[in-house]
Amino acid sequence: MRIGVLNGRTVIVDGQRAVDVADASNGRFGPAPAAVYDAWTEFSEWAATAPTPNGTPYDSSALENPVPEPRQIFAIGLNYAEHAAESHYAVPEFPPVFTKYRSSLAGPRGEVELAGPKVDWEVELVAVIGRPAHRVPESEGWNYVAGLTVGQDISERETQFAATPPQFSLGKSFPGFSPVGPVLVTVDELADPDDLELGCDINGEQVQKGRTSEMIFSVPQLVSRLSHITPLLAGDLIFTGTPAGVGLGRTPQRFLAAGDVLRSYIAGIGEIEQTFVQGQ
Ligand code: ZN
């Protein structure tokens with residue numbers, strides 16, 4: 001199942017058609033996305049069995065952030081060995097965790113203001129929590145995930161490294177720095193949710209390409225480790241880290257410029273696209 005948001009209402013997307021969840025369920029679920037995630041277990045049971053109408057044609061470029069109101073956003077640093085190496089860090093024994101503040105969330109397409117001189121890209125798989133998770137064993141981690149979506153952990157490196165220790169959360173939370181979408185794809189839709197190709201390109205030139213099977217801490221491991229400290233809530237997001245190829249790790253370093261178009265994709269999920277504009 002592929003879940004999207006159109007005009008602030010939750011929809012089930014099937015090919016070129018979209019079914020309004022609130023209408024199809026006679027108001028039992030939605031229309032607000034947060035209400036659907038809060039009732040995710042019941043909703044997914046209903047969606048699997050209810051006779052769904054054909055839906056109506058929709059404009060895929062109108063899809064909005066599928067999870068606009070998470071209560072918590074976790075982000076994982078250095079979760080790919082090659083990215084840790086290009087960042088001059090050792091491979092971590094415990095995943096370094098920071099947050100991306102909620103006001104930085106954005107939909108799958110749009111303009112992002114260049115908030116400083118060193119705006120960098122980080123394509124990431126984003127896991128969306130589907131039910132409250134506390135002290136979950138790794139073997140059950142996937143059972144707490146509603147689905148997966150594409151994210152960018154856009155980072156302004158000058159702000160990130162302006163303090164000691166580095167202030168990851170601030171440097172990665174300017175407006176528009178956390179775009180996600182275009183849809184949430186449930187885990188059962190993916191042949192192997194632990195091995196998805198992801199990457200991004202700038203103006204058509206590929207700059208990152210990896211596989212989520214290369215993650216040091218897998219999605220179930222992250223759900224387990226995080227939930228042993230902080231109870232996870234339905235609709236929470238986990239940005240799971242980025243593969244190698246960011247601008248900071250290049251020689252010479254490279255950062256985004258006004259007019260650049262950043263396209264990020266995960267095979268089997270979809271793609272998002274951001275256009276960068278000059279800051280004020
Ligand atoms: Zn990141």
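In which loop does Pro 31 lie? The legend to Figure 4 takes up this residue, which is placed in the loop between helix H1 (21-24) and H2. All views show a predicted model.

**Figure 1. Division of the chain into domain 1 and domain 2.** Domain 1 covers residues 2-62, and domain 2 covers residues 73-277. Their C-alpha centres are separated by 25 Å. Nine residues from domain 1 and 14 residues from domain 2 take part in the contact. Together the two domains bury an area of about 910 Å², with carbon and sulfur atoms giving 58% of it. On the side of domain 1, Arg 2, Tyr 37 and Trp 40 account for 65% of the area buried against domain 2, more than any other three residues.

**Figure 2. Close-up of the side of domain 1 that touches domain 2.** No salt bridge is found across the interface of domain 1 and domain 2; the count is zero. Three residue pairs in polar contact are nevertheless counted between domain 1 and domain 2. On the domain 1 side, at least two residues each are supplied by strand S1 (2-6), helix H2 (33-38) and helix H3 (40-49). Strand S1 provides the largest share, three residues. By class, the domain 1 residues that touch domain 2 comprise four nonpolar, three polar and two charged.

**Figure 3. The zinc ion and its protein donors.** Glu 122 (OE), Glu 124 (OE) and Asp 153 (OD) are the protein donors, at 1.9 to 2.1 Å from the zinc ion. Along the chain, these donors follow the spacing E-x1-E-x28-D. Glu 122 belongs to the loop between strand S9 (119-120) and strand S10 (123-129), while Asp 153 belongs to the loop between strand S11 (145-152) and strand S12 (155-156). This pair links distant parts of the chain, 31 residues apart. Asp 153 also forms a salt bridge with Lys 100, for which the closest N and O atoms are 2.6 Å apart. Because Lys 100 sits in the loop between strand S6 (97-98) and strand S7 (105-106) and Asp 153 in the loop between S11 and S12, their pairing ties together parts that are 53 residues apart in sequence.

**Figure 4. The cis peptide bond preceding Pro 31 and the salt bridge of Asp 38.** A cis peptide bond joins Gly 30 and Pro 31, with omega about 5°. Pro 31 occupies the loop between H1 and H2. Asp 38 forms a salt bridge with Arg 71, the closest N and O atoms lying 2.8 Å apart. Arg 71 is in the loop between strand S4 (56-57) and strand S5 (73-76) and Asp 38 is in helix H2, so this salt bridge ties together parts that are 33 residues apart in sequence. In total, 13 salt bridges are counted.

**Figure 5. Backbone geometry at Pro 182 and His 88.** Most residues other than glycine have a negative phi, and most peptide bonds are trans. Gly 181 and Pro 182 are joined by a cis peptide bond with omega about -5°. Pro 182 is placed in strand S13 (residues 178-185). His 88, a residue other than glycine, has a positive phi, near 60°. His 88 is found in the loop between helix H4 (81-86) and S6.

Definitions and conventions
Residues are numbered from 1 along each chain as its sequence is written. This is a predicted model: local features need pLDDT of at least 70, side-chain atom pairs count only at pLDDT 80 or more; totals for chains, interfaces and linings use all residues. Side-chain values use heavy atoms; hydrogens and water are left out. Domain bounds come from an automatic or database domain assignment. Contact means heavy atoms within 4.5 Å. Buried area is the accessible area (1.4 Å probe) that two parts lose on being put together, summed over both. A salt bridge is a side-chain nitrogen of Lys or Arg within 4 Å of a carboxyl oxygen of Asp or Glu. A polar contact is a pair of N or O atoms within 3.5 Å; within protein, one must be able to donate a hydrogen and the other to accept it, and residues adjacent in sequence count only if both atoms are side-chain atoms. Ala, Val, Leu, Ile, Met, Phe, Trp, Tyr, Cys and Pro count as nonpolar, Asp, Glu, Lys and Arg as charged, and the others, Gly among them, as polar. Donors are N, O and S atoms within 2.8 Å of the metal (3.2 Å for Na, K and Ca); water is not among the atoms, so sites may look incomplete.
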